[in-house]
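Hi,

Here's the structure I said I'd pass along. Have a look, and my notes follow right below.

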Amino acid sequence: ITGITTTSRSLTGLTANSTYNYQVQAVCTGSSGSYSTAASFTTLSSGGGGCADQYEPNNTNAAAKVIPVNTDITMQIASSTDKDYLKFANTSANKNIKVNLSTLPFDYDLKLYRNTTLLATSENGGTTSEQIIYNTNTVSSSYIAYVYGYQGAFSTTQCYTLRASISAT
């Protein structure tokens with residue numbers, strides 16, 4: 001993990017009852033420090049990442065929850081019928097959209113809507129990350145990222161990461 005600017009870091013997508021090793025290295029302008037001594041931690045047997053699904057309930061397009069843009073959020077598909085609809089807006093200065101779906105515990109897929117109109121779909125197999133890039137001139141507060149488990153895939157212990165980005169290019 002790079003680019004951390006704080007003294008702590010939350011991790012998601014970890015496996016329950018597993019040991020993880022880590023080292024820390026300070027990287028400052030133009031130079032890097034030595035790595036710390038290796039250390040480890042073990043996740044709880046009751047769950048890997050301990051993710052909180054703060055945007056539920058959001059199981060329909062009409063119930064989509066507003067999320068911040070250009071920010072990683074973690075979510076969970078907690079049952080075979082769970083679906084996540086997440087709403088965001090673009091602006092005239094930052095009209096182009098990129099949606100990334102990563103740290104997938106199982107085969108999850110991604111669709112992009114504007115209101116109820118399907119704009120794009122990403123359906124990679126397995127735990128391969130999903131990405132939709134949608135260059136547009138349409139400014140709207142009703143773009144919706146729809147995340148769902150392929151053939152009912154879900155995890156009660158692991159989360160995925162979604163990032164809806166907007167930019168001028």
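Let me begin with one pairing: Leu112 stands opposite Ala145, which belongs to strand 12. Bear in mind that this is a predicted model.

That contact is part of a longer run, as strand 9 (residues 108-114) and strand 12 pair in the antiparallel sense over seven bridges. Strand 12 has another partner in strand 7 (residues 83-88), again antiparallel, this time with six bridges. There, Lys87 has Ile144 of strand 12 as its bridge partner.

So how much of strand 12 (residues 143-149) is buried? Seven of its seven residues are, which leaves the strand mostly covered. The side chains split two ways: Tyr143, Ala145, Val147 and Gly149 point to one side, while Ile144, Tyr146 and Tyr148 point to the other. Both sets are buried.

I also went looking for salt bridges, and a search of the whole structure turns up one. The partners are Asp72 and Arg163, with 3.1 Å between the closest N and O atoms. Asp72 sits in strand 6 (residues 72-75) and Arg163 in strand 13 (residues 160-167), so the pair ties together parts that lie 91 residues apart in sequence. In general, side chains of opposite charge can pair when their charged atoms come close.

Is this pair buried or exposed? Somewhere in between: Asp72 is partly exposed at 48% relative accessibility, and Arg163 is partly exposed too, with a relative accessible area of 28%.

Cheers

Notes:
Residues numbered from 1 in each chain as written. Predicted model: local features only at pLDDT ≥ 70, side-chain atom pairs only at ≥ 80, totals over all residues. Heavy atoms only, no water. Salt bridge = Lys/Arg side-chain N within 4 Å of Asp/Glu carboxyl O. Helix = DSSP H or I, 4+ residues; strand = E, 2+ residues; numbered from the N terminus. Buried < 20%, exposed > 50% of the residue type's maximum accessible area, 1.4 Å probe, protein only. Pairing = 2+ DSSP bridges.
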